[in-house]
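Hello,

Here is the structure I promised to pass on to you. Please open it alongside this note, and I will walk you through what turned up.

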Amino acid sequence: MNHAGVSLPIMIGEGAWHRAWKVTKEDEELVLRIPKKVAYEKPVPFDHDALTAEYSATKWYYESVNQMVPGGAPALFKFHVTPELTYTLESFGGKSLPLREMSLVEAVRLGRQIGAIYRKMESLTPEIEGFGRLAWTENKGLHGTINEEFQTFFQEKSLTHIHNYQKLVNAYPMFQNKGVAHALQVVTTNRNRRIVSARLVNQDVSPENILWGGDSVCLIDPYPIVYEPREMAGNFMNLYETLFRMLANTQRYKKHQFEKYEDILKTIATGFLDGYSDGDLAISREVRGEQYLQLLETAYQHHCLLIRTLTSEDIIRYGDRKEIEERLANLGDEIKQFAETYFF
């Protein structure tokens, strides 16, 4: 408090990795975040470079969003990283998304605004070395951890999707389906024909990271990466149409009661796709294709959980083995339904 020069702390919540307080500095309301020493029931060792990468990436993302959509992210973001004292300080933008208070009309409007932010961010070319997850070192500063030709990397990832689906089929015959296999072939063929380039995107726009006052949206606590933007748009769609609902009873998400707000979450996704595609059916189809791949990868991730010993973090995020098995079966049904509707 003294180091940051703030006062009047009010606890406003905590995520998996940080606790947050609303504070005041020179009559301005700010948010002070302090990293936890224990997360997912494990001690979190101090890592100067990892924390600096995380906070530098957040600052870069906020500045980039505000460049394209003023007010779309906190205007101020500062951080301090030392073994003795680590924290971030950013503008206070209000309360997190109130799902229980939202109407379907508001949900569409919210989704459209987020989709528009995602799309507008694609006009910025990242001036950074590499792509993928962001890291920081004293010599290189902030940089991507993957140094390959991006188009080749993207096409190789398509092969990985196909191989992972085959592993699912081998382990669980219920995934064997001509429609599913055909849709996968069409989607990966089409995506490999696209000329793709890496952009600064946000991998975590969960409801708790969205501030909404009824008129405008503000995105906070992002997970910025430099990656293929259509894939991250598909990731958003998969989260809001499927995954948040399916994970609603896990320890990680139980407090949000997502199972009660399925219609709101799906309507946010509908608005997002509309705002992102801006009426372009080809772009909408590309996003849906990436959503399909995300859905398949979600199922494969559940398979990987079942073939190893679950950690406490796994159980917090995904539930116990029985819950994972049941969810995997439900994912099989959803994948078939998605494949049937993709071509219409």
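The second largest pocket in this predicted model holds about 280 Å³ of space. Its lining is made up of Glu14, Gly15, Ala16, Lys36, Val38, Ala39, Tyr40, Glu41, Gln251, Arg252, Lys255 and Ile316. By residue type, that lining divides into 5 nonpolar, 2 polar and 5 charged residues.

Two of the lining residues, Glu14 and Lys36, are worth selecting together in your viewer. Their side chains meet in a salt bridge, with 2.6 Å from N to O. Glutamate 14 belongs to strand 1 (residues 7-14), while lysine 36 sits in the loop between strand 3 (28-35) and strand 4 (38-39), so this pair ties together parts that are 22 residues apart in sequence. The two partners also differ in how they are classed for exposure: glutamate 14 has a relative accessible area of 37% and is partly exposed, whereas lysine 36, at 13%, falls under the 20% cut-off and is therefore buried.

That contact is one of the salt bridges in the structure, which holds 25 of them. Here are some others to look at.

Arginine 112 and aspartate 274 form a salt bridge in which the closest N and O atoms are 2.7 Å apart. Arginine 112 is in helix 2 (residues 104-121) and aspartate 274 is in helix 6 (residues 262-277), so the bridge ties together parts that lie 162 residues apart in sequence. Both ends are partly exposed: the relative accessible area is 42% for arginine 112 and 34% for aspartate 274.

Next comes the salt bridge between aspartate 314 and arginine 308, where the closest N and O atoms are 2.6 Å apart. Which of these partners is buried, and which is partly exposed? Aspartate 314 is the buried one, with a relative accessible area of 8%, and arginine 308 is partly exposed at 39%.

Finally, there is a set of residues to display as a group. A network of salt bridges links Arg119, Glu122, Lys157, Arg191, Arg194, Glu228, Arg230, Glu231, Glu286 and Glu290.

If you would like a place to begin, try the pocket lining and its bridge between glutamate 14 and lysine 36, then move on to the network that includes Arg119 and Glu290.

Happy browsing, and best wishes

Conventions
Residues numbered from 1 in each chain as written. Predicted model: local features only at pLDDT ≥ 70, side-chain atom pairs only at ≥ 80, totals over all residues. Heavy atoms only, no water. 1 Å grid on protein atoms, 1.4 Å probe; cavity = no way out; pocket = protein on both sides within 12 Å on 5 of 7 lines; lining within 4 Å. Points joined across faces, edges and corners; volume = space filled by probe spheres on them. Nonpolar A, V, L, I, M, F, W, Y, C, P; charged D, E, K, R; others polar. Salt bridge = Lys/Arg side-chain N within 4 Å of Asp/Glu carboxyl O. Helix = DSSP H or I, 4+ residues; strand = E, 2+ residues; numbered from the N terminus. Buried < 20%, exposed > 50% of the residue type's maximum accessible area, 1.4 Å probe, protein only.
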